[in-house]
Amino acid sequence: MIAEIEYWKSVVAGLVAPKVKVFPYVPKTRQLPSRILSQPTAWKGMESILGDLIQRFNIGTRHCLEFGVEYGYSTAALSSFFDSVTGVDIFCGDKHTVNKSDIFVETSSRLAAFNNIRLVRSDYRDWIVTDHNSYDLVHVDIVHTYLDTFTCGLWSANHAQCAIFHDTLSFPAVKRAVLDIARQTGKRFYNFEESYGLGILV
């Protein structure tokens, strides 16, 4: 049971709002990127569709922004495709993560060999107030509440050609937020139904 009033407000509003079609994302090709970290991760499997996703939707490969780095698995994978990747995270976990300790130094060390990655310790709420840049792709994998995902995700969808969201299958609040962002922005919603789900807005 989700105890978040914003989620239930969205559910009720969705009863009369225009329906959003969710298209299944089925990759035509799958290939591991050149940079893979050897560590357990819930993102396992996502890395193999990044090349397909970029090609299918003709996404630029200059600038990528990631909200939610944690141990850096997705960051490393994304850095295989983009000229620059900026990873934004508080690096001390949240109520939905197993880790609650400060891992900024550990993650920075793990990704230090990749010179196209820049890590920034920041809350997404502080970041989106001052960042007016546009990105080719933004990855959102923060605390999995409706309000946080919607707030960060709406900004991301408005500042990027493509926004992707992890955990659309394992957290109903995340999928609900992505549905509402798709409705508000007019972007098409694809969902990759592996590795806990990846929502794609283009």
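**Exercise 1. Which strands does helix α6 lie across, and at about what angle does α6 run to β6?**

Before we start, a word on the model: it is predicted, so local features need pLDDT of at least 70 and side-chain atom pairs count only at pLDDT 80 or more, while totals for chains, interfaces and linings use all residues. Residues are numbered from 1 along each chain as its sequence is written, and side-chain values use heavy atoms, with hydrogens and water left out.

*Solution.*
- Find the elements: helices (H or I, at least four residues) and strands (E, at least two) are DSSP runs, numbered from the N terminus.
- Helix α6 spans residues 146-158 and lies across β2, β5, β6 (160-166) and β8 (198-201); contact means heavy atoms within 4.5 Å.
- The angle to β6 is about 155°. Axes are lines fitted to C-alpha atoms, for helices over the stretch in contact, and angles run from 0 to 180 degrees between N-to-C directions.

**Exercise 2. Work out the strand order of the sheet and its edges.**

*Solution.*
- Two strands pair if DSSP finds at least two bridges between them.
- The open sheet has 8 strands in mixed pairing, ordered β1-β7-β8-β6-β5-β2-β3-β4.
- β1 (22-24) and β4 (117-121) are the edge strands, each pairing on one side only.
- From one strand to the next, the twist averages 20°.
- Zoom in on one pair: β2 (residues 63-67) and β5 (residues 135-140) run parallel and are joined by 4 bridges. Within this pair, Phe-67 of β2 has Val-140 as its bridge partner.

**Exercise 3. Examine the salt bridges of Asp-52 and Asp-102.**

*Solution.*
- Recall the principle: side chains of opposite charge can pair when their charged atoms come close.
- Apply the rule: a side-chain nitrogen of Lys or Arg must be within 4 Å of a carboxyl oxygen of Asp or Glu. The count is 6 salt bridges.
- Asp-52 pairs with Arg-56, with the closest N and O atoms 3.5 Å apart. Both sit in helix α2 (residues 50-56), 4 residues apart, about one turn of the helix.
- Check exposure (buried is under 20% relative accessible area, exposed over 50%, partly exposed in between; 1.4 Å probe, protein chains only). Asp-52 is buried at 5%, whereas Arg-56 is partly exposed at 30%.
- Asp-102 meets Arg-121 at 3.1 Å, N to O. This pair links distant parts of the chain, 19 residues apart: Asp-102 is in the loop between β3 (84-89) and α4 (104-111), and Arg-121 is in strand β4.
- Arg-121 is partly exposed, at 42% relative accessibility.
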